[in-house]
Amino acid sequence: MVSSLDGFIAKKDGNVSWMRSTDKYDKGITLTDEYISEFLKSIDCYVMGSKTYQHALELGWPYGDIPVFVLTNKNLITDKKNVKFYSGELEKIVNDKLKPNFKNIWMVGGSILTKEFIRKGLADKIVTTIMPVILGNGTLFFDYIGQEHLLHLEDVLAFDDGMVELCYEIKRE
Ligand SMILES: NC(=O)c1ccc[n+]([C@@H]2O[C@H](COP(=O)([O-])OP(=O)(O)OC[C@H]3O[C@@H](n4cnc5c(N)ncnc54)[C@H](OP(=O)(O)O)[C@@H]3O)[C@@H](O)[C@H]2O)c1
């Protein structure tokens, strides 16, 4: 997820303008269309909580025709052929529906669902992009996850607009 330096992934009013940086960092690399396109091509399916899904619909659907799995306990409907709604045990959904069919499964967010995946040992990696901003309020990425997890830093990328991408592997005991 994209986060502010103080750990927020969403503002209280839902405004996302803070996710576009106007900062300049001379030593950073440029985020090119090719980089974004290669990155998106590597994703086989998206998983998200219903709040993230609703917000994505409001902002403009960015997931194209890639399969999207939305976790919800509500009876949501959609005319999008690539969107499926699931509820129930995350382990079962991951092991029965996702793992047999997809390799690179990208958990989009938000905070509630991401924490559930991490708590249950269902996430392999955490990729987070820190924006050069302090938001001061909103939805925190990690508030009281309630467990300790050792991480292995796999990669760090600093971009010329001040964004820093951190890629961690979640170590298994
Ligand atoms: N900065 C970023 O990169 C980033 C990324 C993603 C999202 N966001 C933002 O984060 C905010 C939403 O985050 P959030 O933490 O409030 O919510 P969320 O994780 O997106 O969604 C939570 C909802 O998912 C459903 N859910 C979670 N676990 C479930 C399970 N095991 N079975 C069935 N349903 C389950 C429930 O929906 P029901 O109530 O429908 O049952 C729950 O209320 C939005 O503003 C979004 O734009 C930011």
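**Exercise 1.** In this predicted model, find which residues Y46 is in contact with, leaving aside its neighbours within four places in sequence.

*Solution.* Start at Y46 and look for C-beta atoms within 7 Å. Skipping neighbours within four places in sequence, you should arrive at Y63, I66, V68, W106 and V108. Next, place Y46 in its wider setting: the largest nonpolar core has 13 residues, and Y46, V47, M48, V70 and V108 touch the most other members. Strands β3, β4 (68-71) and β6 each give this core at least two residues. Apart from it there is another core of five residues, including I9, A10, L135 and F141.

**Exercise 2.** Work out the order of the strands in the open sheet, and what packs on it.

*Solution.* Trace the four strands: the order is β5-β4-β3-β6, with parallel pairing. β5 (83-86) and β6 are the edges, each pairing on one side only. From one strand to the next, the twist averages 25°. Now zoom in on β3 and β6, which are joined by four bridges; here V47 has M107 of β6 as its bridge partner. Finally, add the helices. α2 touches β3, β4 and β6, and its direction makes about 105° with that of β3. α4 lies across β3, β4 and β6, at about 135° to β6.

**Exercise 3.** Describe the shell around the ligand by its nearest residues, its elements and its classes.

*Solution.* Of 25 residues around the ligand, G49, T52, N73, G109 and G110 come nearest. Then go by element: β2 (8-10), β3 (45-49), α2 (50-59), β6 (105-109) and α4 (111-119) each supply at least two residues. Last, sort by class, and you get ten nonpolar, twelve polar and three charged residues.

Conventions. Residues numbered from 1 in each chain as written. Predicted model: local features only at pLDDT ≥ 70, side-chain atom pairs only at ≥ 80, totals over all residues. Near = placed C-beta within 6 Å. Nonpolar A, V, L, I, M, F, W, Y, C, P; charged D, E, K, R; others polar. Core = buried A, V, L, I, M, F, W, Y, C linked by C-beta atoms within 7 Å. Buried ≥ 20, exposed ≤ 12 C-beta atoms within 10 Å, placed from the backbone. Contact = placed C-beta atoms within 7 Å. Pairing = 2+ DSSP bridges. Axes fitted to C-alpha atoms, helices over the stretch in contact; angles between N-to-C directions.
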